[in-house]
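Trainee: I have a structure to go through with you. Could we work from the definitions to the details?

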Amino acid sequence: MLDPKLLRSDIDSVAQALVKKGYRLDVERFNELEAARRRLQSETEQLQGQRKQQAAKIGQAAKAGEDIAPLKAEGERIKQSLESLAGEFRTVQAQLDELLMGVPNVPDSSVPAGETEDDNVLVRTWGEPTTLDFTPKDHVDLGARDGLLDFETAARITGSRFAVMRGPMARLHRALTQFMLDVQTQEHGYQEVYVPYLVNADSLRGTGQLPKFEADLFKIPGENDFYLIPTAEVPVTNIGRDQIIDAAALPLKFTSHTPCFRSEAGSYGKDTRGMIRQHQFEKVELVQMVEPTRSMEALEELTGHAEAILQKLGLPYRVVVLCGGDLGFSATKTYDLEVWLPGQQKYREISSCSNMGDFQARRMQARWRNPETGKPELLHTLNGSGLAVGRTLVAILENYQTAEGRIRVPEALQPYMGGVSEI
């Protein structure tokens, strides 16, 4: 959530900055609600002063033996007026909160202008797109051999956008997960955490999925409404909710392997073939919580940690910085890693690495104690996929395929595959 003080002091600049995201801030509505809030607060303070004076008068009159009934009646009137104002104030504040919860984060000044992913800006590339001396197959056709990657059975079990993996395919998927976790914990200093796959609404509001993106979530109704996590970002980042972290403990760096569940609302007819866009998939997530002055430096670092996985696997990729129109709701700046897929002859997203600034921390009240002031201040939060396991599996199938339809196992994964070099 944006700082209400910033909106009160310079709302026009905020509104102009949000235009880069394609968002129109309702300045008139905010100013209307803010004026009502200030009026009610002022009236409340005046009445509180009157109540204090009235209490003093009652005390003086009682001591003098005077009739205090009229004074008590006036005190009761003031009390009722205060209760009425409190109700009005709560209504206005709730409307303000609802408005603010729907306002996206302001993009960083370094974010390029643009409306769609076509306007994202190339930052760098690693490796050359894989060239094969035969017509490459996509991962669906490659996985069809021996039913190792089976979408028809998954559709019969559940429905579309699910997959069943068998034998060496399932083992390769598991090997990727373990490999990613080992790299991040052993080489990059992340602490592995195991987190719930169900979260409450407060957690989703904290990271920005609620209230705006409820249609993208799978809700489990019951005595306590839970949601299946759309990404480990939600439970892992909420580790910092309502906490004050000692400066000596920063940065907090967590990694977690979880399934992810998404309804893919609004994606009808998009990427229906294969594993690119599934209702259930797995990721190894990277989350950092840092001092505000370090967050842009941390974004570069975290992005490099995700890139390291692709480099160790020998998968060609490129890094793009997202333009304002393609930037996520909570992010102030995002890099996408896009891996080369020979079967599609294009780069496809495999990781998004984002700096959220204090946007999520304000919603969660995730804070650190500044040793210079001794006071709690909001943290900055960052997250990124390190990587999406299913999409990495797709990239290996397509980049390491042979003319006979077999798959060479990247050298970095062979120890996790019991020495198997080809499947």
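Mentor: Gladly! Buried means under 20% relative accessible area, exposed means over 50%, and partly exposed is in between (1.4 Å probe, protein chains only). Helices (H or I, at least four residues) and strands (E, at least two) are DSSP runs, numbered from the N terminus. Keep in mind that this is a predicted model, where local features need pLDDT of at least 70 and side-chain atom pairs count only at pLDDT 80 or more, while totals for chains, interfaces and linings use all residues. Residues are numbered from 1 along each chain as its sequence is written, and side-chain values use heavy atoms, with hydrogens and water left out.

Trainee: How many residues of helix 11 are buried?

Mentor: Helix 11 spans residues 389-399 and is mostly covered. Its buried residues include Val389, Arg391, Glu398 and Asn399. The count of buried residues is 11 of its 11.

Trainee: Which strands are the edge strands of the open sheet?

Mentor: Two strands pair if DSSP finds at least two bridges between them. Eight strands form the open sheet, with mixed pairing and the order 1-11-12-13-16-10-9-4. Each edge strand pairs on one side only, and these are strand 1 (121-126) and strand 4 (191-192).

Trainee: Which residue in strand 9 stands opposite Gln191?

Mentor: Strand 4 and strand 9 (residues 252-261) run parallel and are joined by two bridges. Opposite Gln191 in strand 9 stands Phe254.

Trainee: What is the N to O distance in the salt bridge of Arg29 and Glu32?

Mentor: A salt bridge here is a side-chain nitrogen of Lys or Arg within 4 Å of a carboxyl oxygen of Asp or Glu. Arg29 and Glu32 are separated by about one helical turn because they are three residues apart in helix 2 (residues 27-63). Arg29 is partly exposed at 29% relative accessible area, and Glu32 is partly exposed at 45%. Their side chains meet at an N to O distance of 2.6 Å.

Trainee: Is Asp150, the salt-bridge partner of Arg166, buried or exposed?

Mentor: The closest N and O atoms of Arg166 and Asp150 are 3.0 Å apart. This pair links distant parts of the chain, 16 residues apart, with Asp150 in strand 2 (residues 149-150). Arg166 is partly exposed at 35% relative accessible area. Asp150, at 12% relative accessibility, counts as buried.

Trainee: Which residues are linked with Arg8 in a network of salt bridges?

Mentor: In general, side chains of opposite charge can pair when their charged atoms come close. The salt-bridge count comes to 23. Linked with Arg8 in a network are Glu34, Arg37 and Arg38.
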